[in-house]
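Trainee: Could you take me closely through one part of this model, the sheet, and then place it in its surroundings? I would like a connected account rather than a list.

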Amino acid sequence: MSESNSISAYEALKARFHRLSALQGAQAVLHWDRATMMPEGGARARAEQQAALALVAHELITAPQMADLLASARETAASLTEWDRANLEEMARIHAHATATPADLVEKLSHQKSETEMIWRGARAANDYARLAPALDALIALIREQAAAKADALGLSPYDVLLDSYDPGRRSGEIDRLFDEIESFLPDLLRRVMDAQGARPAHLPISGPFPVALQERLGREVMDALGFDFRHGRLDVSHHPFTGGVPEDSRITTRYDEADFTESLMAVIHETGHSLYERGLPAEWRGQPVGRSRGMTIHESQSLLFEMQAGRSAPFIAFLSPRLKSIFGGEGPEWSPENLLAHYRRVRLSLIRVQADEVTYPLHVILRYRLERAMIAGDLGAADLPAAWNEGMEKALGIRPPDDASGCMQDIHWPSGSFGYFPTYTLGALAAAQLFAAAKRADPAIEPALGKGDFSLLLQWVRGNVHGHGSRLSPDGIVLAATGEPLGTAAFRRHIEERYLGC
């Protein structure tokens, strides 16, 4: 085939993937609506809509001409720019994943995910795991079927196939190594942190109530300080905080507790970190695979960079203190920066992942990682999940859930079909520690600026060193390029020791 025809093939692929991006954007907005606005009675119709869109997207990428277009475009890949070559490779990866899954399985999975998630909402509220178990078993069976088909086609293990969907190139062997390293030092480090915390005066309680309207006002002010553009996004409420939509229309959600403003505020900062990443992706590659976010390890690194590293830093909490007093009408020493910092850095053995501090959080994730691997391998069925979960929590943290709502039903991930996602939370925490340390080395003014509520310097650094790469590099390639070191546990360990032990 002539070079001009090969280039035309690549342009045809770009047009096809641009349509795919539009379809996936529509799916994302429908998902946001289901989680925030949709009446319960709309669940069946919404499931049909999402399944139909999933099938159309699948057919677009698995059409017979796709293989020919990819082959033709590759003939002249050497003449393409570096970004175009990276884009072409991402196209091929997405196509390989899609062609390994039959269309009827795509449709079945979409329906089952929607059904199981809706059942989970009611079952969790009623603390009735027996209602969820059959649907979860059916969903796991379909996911195992899909993973097995992809494993044969891609030459990976079934679980590594799932990881690759959320974190391209990630393999369980690497996760095992990193998680084993964490487990080699974290339990003892946790004990030392809690001993040191116990030797200090207890923090003063901050009494509510904290009206939702005021918490929302606070969240919006902080989002604005972080650099969120409300012309291209909004803040709403959902069962589980998340960021959805598309870069041009970012949908952030949180949840509120009138007795405690701290959780919703940090959830807002966390989700704004996700949104800023999406907004910072290279605009000239919008709608193309190379212009997408580079998997969930990098995504979680951005949310945790802003929430845990910057959002809980002493300078930012000092800036936040008078704003909290003003908004909530607070008076007294409990609103001091020192007391607020003690609240936000309190380490405790918690049953709930999203309420866990950054010291214990990896132990929550490691448990979920091992349980979901067992479920995908067929070694753990849905009926046995509660017992396995409770035993794992007792081993990891020495606490046992009193019920399944605060145990294995607390997260939306498995009922929504997100197997392979959980490890990226802790991988993201490792990356966030490395990135924040590198950013402060590169620009010592970053941390003092946080004391003025100014995130612009930090945002500028991640725009250039993380966001701007899109999917041109691998997840670990982005970390290496930004920090000069491969992804590891050392920076995270240093961060915990410095923040909680002062060493």
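Mentor: What follows starts from the sheet and moves outward to the helix packed on it, the cores and a few separate sites. Please keep in mind throughout that this is a predicted model.

The sheet is open and has three strands in the order β1-β3-β2, with mixed pairing. Strands of a sheet pair through backbone hydrogen bonds, either parallel or antiparallel. Here strand β1, residues 233–237, runs parallel to β3 and is joined to β3 over five bridges, whereas strand β2, residues 243–246, pairs with β3 in the antiparallel sense over four bridges. Because β1 and β2 stand at the edges, each with a single partner strand, one side of each is left without a neighbour in the sheet. From one strand to the next the twist averages 20°.

The register can be followed residue by residue on β3. Asp236 has Thr253 as its bridge partner in β3, and Leu235 stands opposite Ile252 in that strand. Ile252 is also the bridge partner of Thr243. The connection between β2 and β3 is a hairpin, which passes through two residues. Strand β3 itself, residues 249–254, is mostly covered, with five of its six residues buried.

Helix α10, residues 262–280, packs on the sheet and touches β1, β2 and β3, and its direction makes about 160° with that of β3.

Turning to the interior, the largest nonpolar core comprises 108 residues, and Phe261 and Phe306 are those with the most contacts inside it. The element that gives the most to this core is helix α16, residues 423–442, with eleven residues. Apart from this core lies another one of 25 residues, including Leu23, Leu60, Ala77 and Met91. With sequence neighbours up to four places away left out, Phe306 touches Leu226, Ile269, Gly273, Leu276, Gly311, Phe455, Leu458, Leu459 and Val462.

Several of those names return around His467, a residue in the loop between α18 (456–465) and α19 (475–483). His467 counts as buried because its relative accessibility is 0%. Residues up to four places away in sequence again not being counted, His467 touches Leu276, Tyr277, Gly280, Leu281, Pro282, Gln302, Leu459 and Val462. Leu276, Leu459 and Val462 are thus among the contacts of Phe306 and also among those of His467.

Met66, in helix α3 (residues 65–75), is another buried residue, with a relative accessible area of 0%. Leaving aside neighbours within four places in sequence, Met66 is in contact with Leu13, Arg16, Phe17, Leu60, Ile61 and His95. One of these, Leu60, is named among the residues of the core of 25 residues. Another, Arg16, is 50 residues from Met66 in sequence, while their C-alpha atoms are 9.2 Å apart in space.

A helix pair outside the sheet is also worth describing. Two packed helices are described by the angle between their axes and the distance between the axes. For helix α6 (residues 129–154) and helix α7 (residues 158–166), the angle is about 95° and the axes are 8 Å apart. Since angles from 65 to 115 degrees count as roughly perpendicular, α6 is therefore roughly perpendicular to α7. On the α6 side the contact is made by Ile143, Ala147, Lys150 and Ala151, and on the α7 side by Pro158, Val161, Leu162 and Ser165. By type, the residues of this contact divide into six nonpolar, one polar and one charged.

Finally, there are two points of backbone geometry to check. Most residues other than glycine have a negative phi, and most peptide bonds are trans. Asn127 has a phi near 50°, a positive value in a residue other than glycine. Asn127 lies in the loop between α5 (103–126) and α6, and with a relative accessible area of 36% this residue is partly exposed. The second point concerns the peptide bond from Gly208 to Pro209, which is cis, with omega near 0°. Pro209 is found in the loop between α8 (172–199) and α9 (212–226).

Terms used
Residues are numbered from 1 along each chain as its sequence is written. This is a predicted model: local features need pLDDT of at least 70, side-chain atom pairs count only at pLDDT 80 or more; totals for chains, interfaces and linings use all residues. Side-chain values use heavy atoms; hydrogens and water are left out. A nonpolar core is a set of buried Ala, Val, Leu, Ile, Met, Phe, Trp, Tyr and Cys residues joined through side-chain atoms within 4.5 Å. Buried means under 20% relative accessible area, exposed over 50%, partly exposed in between (1.4 Å probe, protein chains only). Contact means heavy atoms within 4.5 Å. Axes are lines fitted to C-alpha atoms, for helices over the stretch in contact, and angles run from 0 to 180 degrees between N-to-C directions. Angles under 35 degrees count as roughly parallel, over 145 as roughly antiparallel, 65 to 115 as roughly perpendicular and the rest as oblique. Ala, Val, Leu, Ile, Met, Phe, Trp, Tyr, Cys and Pro count as nonpolar, Asp, Glu, Lys and Arg as charged, and the others, Gly among them, as polar. Two strands pair if DSSP finds at least two bridges between them.
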